[in-house]
Amino acid sequence: MLCRLSVRWLRPRPALQVRVLDPSLAGAPAGGAKSSALPVWAVASVSAVGPSGAGSWYEALATSAPVQSAEDVLLFAHTASGLPWWGSILLTTVALRGAVTLPLAAYQHYILAKVENLQPEIKNIARHLNQEVAVRAHQLGWSKRVARLTYLKTMRRLVSELYVRDNCHPFKATVLVWIQLPMWIFMSVALRNFSTGAAHSEGFSVQEQLTTGGVLWFHDLTALDATWILPVSVGVINLLIVEIFALQKLGKSRFQTYITHFVRAVSVLMIPIAATVPSSIALYWLCSSFMGLSQNLLLRSPRFRQLCRIPLTKLDSDTPYRDLLAAFHSKIISRKSRTF
């Protein structure tokens, strides 16, 4: 299932600026320290952006066309829906996840299923090729190094031909990452622009609207979440996604184990990071992670996979959710037995 994206390049906007009050104009003493019109945390986050060009990479990103497009998407969702800003952020996240990343994730599973179904044929080719190379090496007097290089070169060519034949090169499965990660970055920077007062809507500061656009314990979306509920929730949901992915991988290689541990560490690291950004960004990260978890579970459904025409594999189960709970339970039991 493919999803075509069209990005509307809009007219350029003023560059991101940090307004500093002049003490002389404000009646402050000439030797007094300059005070910023932004909160302390906001000034610190953009202090690297200066007229000398140091940190200009962030200024270029914050004023780039994709970030401006993300701002327009958020403003459109807020204006069209009439929802408060917390609802607009939630609506935008669900819409983008449903219209962009879900189709790409289904396509990723489609490619990976076809690659999985090729494994028996690849193993059969590898076995016959190994025998043929051994015979040829004996006839021509090849060394072990020459025989191995010949085997690897021929095997790569044959496997590549299989991928071309079935139109399922594994690199196509990475399209989701190349779309989802930039979109996550652009949305985060757009919300940071809003929270620091760098963007306006019809003459009214979006930052002022965000100060009263929250709900529950985070009424001010420009402030940090002092309760740490949003940051911890982001980390917990990301860890759930990692654990669900790890449970479905049986017989992992050492490299895959290292990657799993690395992603776990990143998920934990996201907690203190989310605690240092405005609540609007932490809320977006939480909504995005929750949609990612829901998307991961949905793509396990046999009916949904059939709807997306994802080929069946020998690893598919008729009861994926029951199997997931059983695997999670057995993992907990095994850890308890190791502890005692």
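Accessible areas here come from the Shrake-Rupley method with a 1.4 Å probe. On that basis, the protein has an accessible surface of about 20,800 Å². Carbon and sulfur atoms contribute 64% of that surface. The model is predicted. It holds 13 helices and four strands. Of the 340 residues in the protein, 37% are buried. Among contacts with a separation of 6 or more, 72% join residues 24 or more positions apart.

**Annotated spans**

- The unreviewed UniProt entry annotates residues 175-194 and 226-246 as "transmembrane region".
- Such annotations may be inferred rather than shown by experiment.
- In the model, residues 175-194 are 100% helix and 0% strand. The end C-alpha atoms of that span lie 29 Å apart.
- Residues 226-246 are 86% helix and 0% strand. Here the end C-alpha atoms lie 32 Å apart.

**Helix α4**

- Helix α4 runs over residues 65-81, which makes 17 residues.
- From first C-alpha to last, α4 reaches 24 Å, close to the 24 Å expected at 1.5 Å a residue.
- The buried residues of α4 include Ala65, Val67, Ala70, Leu74, Leu75 and Ala77.
- Polar or charged side chains also appear on the buried list of α4: Gln68, Ser69, Glu71, Asp72 and His78 are among them.
- Glycine 82 comes just after α4 and takes a positive phi of about 75°.

**Salt bridges**

- The structure holds five salt bridges. Three are described here, starting with arginine 165 and glutamate 121.
- The side chains of arginine 165 and glutamate 121 meet at 3.1 Å, N to O. This pair links distant parts of the chain: arginine 165 is in helix α6 (residues 144-166) and glutamate 121 in helix α5 (residues 85-140), 44 residues apart.
- Glutamate 121 is partly exposed, at 31% relative accessible area.
- Arginine 165 also bridges to aspartate 166, with the closest N and O atoms 2.9 Å apart. Glu121, Arg165 and Asp166 are thereby joined into one network by salt bridges that share partners.
- Aspartate 166 is partly exposed, with a relative accessible area of 22%. The cut-off for buried is under 20%, so aspartate 166 at 22% does not count as buried.
- Glutamate 161 pairs with arginine 157, the closest N and O atoms being 3.2 Å apart.
- Glutamate 161 and arginine 157 are about one helical turn apart, because they sit four residues apart in helix α6. An α-helix has 3.6 residues a turn, so residues three or four places apart point the same way.
- Both partners are partly exposed: glutamate 161 has a relative accessible area of 42%, and arginine 157 has 45%.

**Aromatic pairs**

- There are five aromatic pairs in the structure.
- Tryptophan 85 and phenylalanine 194 form a tilted pair, 5.7 Å centre to centre with 55° between the planes.
- Tryptophan 85 lies in helix α5 and phenylalanine 194 in helix α7 (residues 175-195), so the pair ties together parts 109 residues apart in sequence.
- Both rings belong to buried residues: tryptophan 85 has 1% relative accessible area, and phenylalanine 194 has 0%.
- Tryptophan 217 and phenylalanine 218 have ring centres 5.0 Å apart and planes at 75°, so this pair is edge-to-face.
- Tryptophan 217 is partly exposed at 37%, whereas phenylalanine 218 is buried at 7%.

**A buried threonine in α5**

- Threonine 93 sits in helix α5. At 2% relative accessibility, threonine 93 counts as buried.
- Leaving aside residues up to four places away in sequence, threonine 93 touches Tyr284, Cys287 and Ser288.

**Positive phi outside glycine**

- Tryptophan 228 has a positive phi, near 65°, though it is not a glycine. Tryptophan 228 is found in the loop between α8 (206-210) and α9 (229-247).
- Tryptophan 228 is partly exposed, with a relative accessible area of 40%.
- Arginine 309 also has a positive phi, near 60°, in a residue other than glycine. The loop holding arginine 309 lies between α12 (302-307) and α13 (320-339).
- Arginine 309 counts as exposed, at 71% relative accessibility.

Technical notes
Residues numbered from 1 in each chain as written. Predicted model: local features only at pLDDT ≥ 70, side-chain atom pairs only at ≥ 80, totals over all residues. Heavy atoms only, no water. Helix = DSSP H or I, 4+ residues; strand = E, 2+ residues; numbered from the N terminus. Buried < 20%, exposed > 50% of the residue type's maximum accessible area, 1.4 Å probe, protein only. Salt bridge = Lys/Arg side-chain N within 4 Å of Asp/Glu carboxyl O. Expected span 1.5 Å × (residues − 1). Contact = heavy atoms within 4.5 Å. Phe/Tyr/Trp six-rings, centres within 6.5 Å; stacked < 30°, edge-to-face > 60°.
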